[in-house]
Each structure stands twice: as structure tokens, then as C-alpha cells.
Amino acid sequence: MIEAKQKVFRRFWHCVMPIARLEQGPQPFTLLGERLVLWLDDTGTPVAMADRCCHRTARLSRGWCEGALIVCGYHGWAYDRTGKCVRIPQQPDSAIPSGAKVPSYRCEARYGYAWVALEEPLLPIPHLPEAGAEGFRQVDQFYEPWNCSGIRFMENAFDFAHQSFVHSAMQGLRDKPVPPRGEIVDRDYGFDMNIVQPVRNPDSGKKHLKIDADETVRTVDLNWFMPFSRRMGITYPTGLRQSIYSVATPIDEGRCQVIQWSYRNDSEADVPAADIIAFDRAVVDEDRLILEAVDGDMPLDTRRRAEFHMDSDRPGLLMRRKLLELLARHGEVEVGGIGRAG
Ligand code: FES
Ligand SMILES: [Fe+2]
């Protein structure tokens with residue numbers, strides 16, 4: 001499947017950018033192959049529009065904000081949040097042509113990020129129970145483009161068999177390659193999964209978990225929010241909870257924006273955010289090394305037998321089946337054929 005070519009993904013909310021970045025001015029983001037400009041209006045509400053001025057096609061993201069308007073940096077045409085051109089400085093006394101506008105899209109702020117739906121969304125923005133809950137703090141972790149399709153990233157996020165190999169330097173137990181069998185419950189928004197997982201506890205882990213033992217156990221409850229995000233709620237034997245929210249927003253063919261933040265029921269005085277980020281950075285970089293070198297096209301239709309499977313691939317197989325059903329419900333067929341990883 002090539003995400004940017006499946007129109008139905010235009011009908012989901014996608015997390016695209018930290019609001020803090022927008023406070024610096026208009027920013028470009030390519031979502032499912034669509035070039036967007038994101039900006040904040042005078043009420044601090046994010047706006048998403050096509051990043052293309054209707055005068056001479058300049059990128060609006062190279063312009064600036066002015067009150068409730070965004071101004072093109074080329075000749076100064078100004079647009080409101082609906083995308084309508086409301087000012088042509090060179091012709092202050094002439095009417096603005098009625099069709100002078102650029103497409104604008106649904107855009108909302110949630111969890112400190114701007115979310116965009118290119119068309120009427122099928123599902124709400126995922127609910128994260130720890131967000132704003134008493135005793136939990138939010139730690140913003142990563143915001144970076146990967147040369148990996150969003151769906152490959154998502155499948156990996158529910159693959160507990162790779163830990164012993166990809167993460168053997170961090171959490172994985174190389175001598176225990178058979179992963180615990182998770183319980184999966186099908187949901188309308190994706191699925192839930194529960195798993196109890198023994199993990200290695202390296203020195204860096206001891207620091208950010210405050211657990212001295214060389215091994216520990218994580219009780220994990222996960223949600224797959226169709227199509228490209230995952231919540232992973234981890235409880236440690238000490239009562240420490242870390243809920244990691246990972247997003248792989250598709251940019252275009254074979255590329256996604258990886259966005260991750262966490263909620264923890266401890267404080268900065270207990271464990272500095274920098275230590276939490278450093279530990280998860282090491283883990284995520286191990287994933288990246290592998291994921292940027294797998295084929296971008298993840299075949300949804302397993303009847304093609306393009307890949308072989310094992311029992312621990314059940315979450316990924318359910319993901320594929322549900323996406324295939326989603327495409328069928330919306331009259332689409334799977335578009336494949338992206339090149340093999342180089
Ligand atoms: S290209 Fe934007 S004002 Fe001319
Ligand atoms: Fe991993």
C-alpha cells in the first residue's frame with residue numbers, strides 16, 4: 001500500500017506539528033502528498049491551507065502572519081483562515097476577484113499539536129486518558145521525518161518479536177526470542193492489545209525507571225488508532241507509569257513524520273525529561289536503522305503472499321485486514337508498487 005495514493009486517509013485527523021513551532025511563524029508540512037502551510041491566527045488557533053498563493057504560486061509558508069491573516073511574502077496578498085484573499089496591496093481601491101482563494105482544511109489544536117483532516121473525518125482525534133490527568137506530566141520527545149512508510153512504523157509499534165533483536169542493546173533479551181502472546185480486542189477505532197513483557201534494564205534504564213534490577217517486567221496496554229498512531233501505556237512493578245504516544249504521519253511515498261510524546265506519573269525532580277528523552281531516543285534510533293531499510297510498500301492483501309508471517313505478527317495482520325476493509329468500504333483498491341528499500 002502506498003499511503004499517499006489511498007484517498008480514504010484524507011478522511012482522518014493527522015497530527016502534523018507542535019503548536020510551539022507555529023508560534024515562530026507559518027510552517028510548511030506535506031501531508032499525504034499535499035503541500036500545506038500551518039499558521040496561528042490572532043486567537044492562537046491553528047490554520048491549515050494549501051501552501052500556494054493564488055497570485056503567482058509562491059509558498060505561503062515563506063510569508064508571515066499579521067493578526068488574523070497570513071501574508072504572502074512575494075507581493076503581499078493577504079488571506080484569512082478560510083483561505084479567502086482579503087487584501088491586494090497594489091490595488092487598494094479595486095474589488096478582489098471572487099475566486100481569489102486557496103483551499104483551507106480542518107485544523108485543530110490538541111495535546112499541544114496541530115491536527116489536520118483534509119476531508120470530513122471518519123473518526124475523532126484519538127482520546128489519550130493520561131492527557132491532563134492529575135499526577136501526569138507531558139514530555140514532548142520527537143518530531144522528525146523518517147524514510148519509512150507510516151504503516152510500517154505502526155506495524156513495528158505492535159511487534160514484540162523484534163525487541164530481542166533490534167533492541168538487544170537496550171531492553172531486549174536475546175536469549176528469550178519467543179515474545180509473550182498479547183491479547184487483542186478489535187475496536188471500531190483500530191484495536192486494543194494487552195501484554196506482559198519481561199525486559200532487560202540497562203544502566204540508562206535504571207536511571208530513568210529508578211529500578212535497580214537488571215531485568216524487570218512491563219505490563220503494557222496498547223491502542224492502535226487507525227491509521228497511523230499508537231498509545232502504549234506501560235506500568236512498571238514500582239507503580240511508575242509511562243504512556244507513550246507515537247505518530248507516523250504520512251508525508252508522501254515512503255516517508256512519514258515521526259512524532260512522539262509521553263505522559264509520566266512522576267515529576268521533573270524525580271527524573272528529568274532530558275533523561276527520559278535520551279533513553280527513548282536510543283530505542284527509537286534502533287528501530288529507525290531497521291525501518292528505513294524495509295520496503296516502503298507494506299502489502300495489505302496477504303493473499304498475495306508477498307511476505308511470510310509468524311504468530312507474533314497477529315497485530316500487524318489485523319492492521320492489514322482492517323485497512324483493506326476500510327479501503328473496500330470506501331470503494332478503493334490497494335495501490336502498491338513502491339520500490340524496494342535501497
Ligand atoms: S505570489 Fe503571492 S502575492 Fe504574488
Ligand atoms: Fe522497537
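## Close-up views of a predicted model

**View 1. The largest cavity encloses a volume of about 340 Å³.** Welcome to the inside of this predicted model. Two cavities of 30 Å³ or more are found here, and the largest of them has a lining of 24 residues. Look for Arg 230, Met 232, Val 283, Val 284 and Asp 287, the lining residues that lie nearest the centre of this cavity. Two or more lining residues come from each of H2, strand E15 (229–235), strand E16 (241–252) and H5. The biggest share belongs to H5, which gives five residues.

**View 2. The iron ion (ligand 2) is held by two histidines and an aspartate.** Its protein donors are NE2 of His 162, NE2 of His 167 and two OD atoms of Asp 287, at 2.0 to 2.6 Å from the ion. Along the sequence, the donor residues follow the spacing H-x4-H-x119-D. His 167 and Asp 287 tie together distant parts of the chain: His 167 sits in the loop between helix H3 (163–166) and E12, while Asp 287 belongs to helix H5 (residues 273–291), 120 residues apart. Which geometry do the four donor atoms of the iron ion give the site? The site is irregular, with angles of 55 to 150° among the donors. Four donors count as tetrahedral only if all angles lie between 85 and 135 degrees.

**View 3. Two of the iron ligands in the protein, His 167 and Asp 287, are shown with their burial.** His 167 has a relative accessible area of 2% and is therefore buried. Asp 287 is buried too, at 10%, and this aspartate is also among the residues nearest the centre of the largest cavity.

**View 4. The largest pocket offers about 390 Å³ of space.** Its lining is made of 20 residues. Nearest the pocket centre you will find Arg 152, Glu 155, Asn 156, Asp 159 and Asp 313. At least two lining residues come from each of H2, H5 and H6.

**View 5. Helix H6 runs through residues 314–329.** How far apart are the end C-alpha atoms of H6? They are 22 Å apart, which agrees with the span of 22 Å expected for 16 residues at 1.5 Å a residue. Buried residues of H6 include Leu 318, Met 319, Lys 322, Leu 323, Leu 326 and Leu 327. Residues three or four places apart in an α-helix point the same way, because there are 3.6 residues a turn. Among the elements covering the buried residues of H6 are helix H2 (150–157) and the strands E12 (183–187), E13 (190–200) and E14 (215–225). After H6 comes Gly 331, with a positive phi near 70°.

Terms used
Residues are numbered from 1 along each chain as its sequence is written. Chains are lettered from A and ligands numbered from 1 in the order in which they are written. This is a predicted model: local features need pLDDT of at least 70, side-chain atom pairs count only at pLDDT 80 or more; totals for chains, interfaces and linings use all residues. Side-chain values use heavy atoms; hydrogens and water are left out. Helices (H or I, at least four residues) and strands (E, at least two) are DSSP runs, numbered from the N terminus. The expected span of a helix is 1.5 Å times one less than its number of residues. Buried means under 20% relative accessible area, exposed over 50%, partly exposed in between (1.4 Å probe, protein chains only). Contact means heavy atoms within 4.5 Å. Donors are N, O and S atoms within 2.8 Å of the metal (3.2 Å for Na, K and Ca); water is not among the atoms, so sites may look incomplete. Four donors count as tetrahedral if all angles lie between 85 and 135 degrees; four count as square planar and six as octahedral if opposite donors are over 155 degrees apart and all others between 65 and 115; anything else is irregular. On a 1 Å grid over the protein atoms alone, a cavity is a set of points where a 1.4 Å probe fits but cannot get out, and a pocket is an open set with protein on both sides within 12 Å along at least five of seven lines; lining residues have an atom within 4 Å of a point. Grid points are joined across faces, edges and corners, and a volume is the space filled by probe spheres set on the points.
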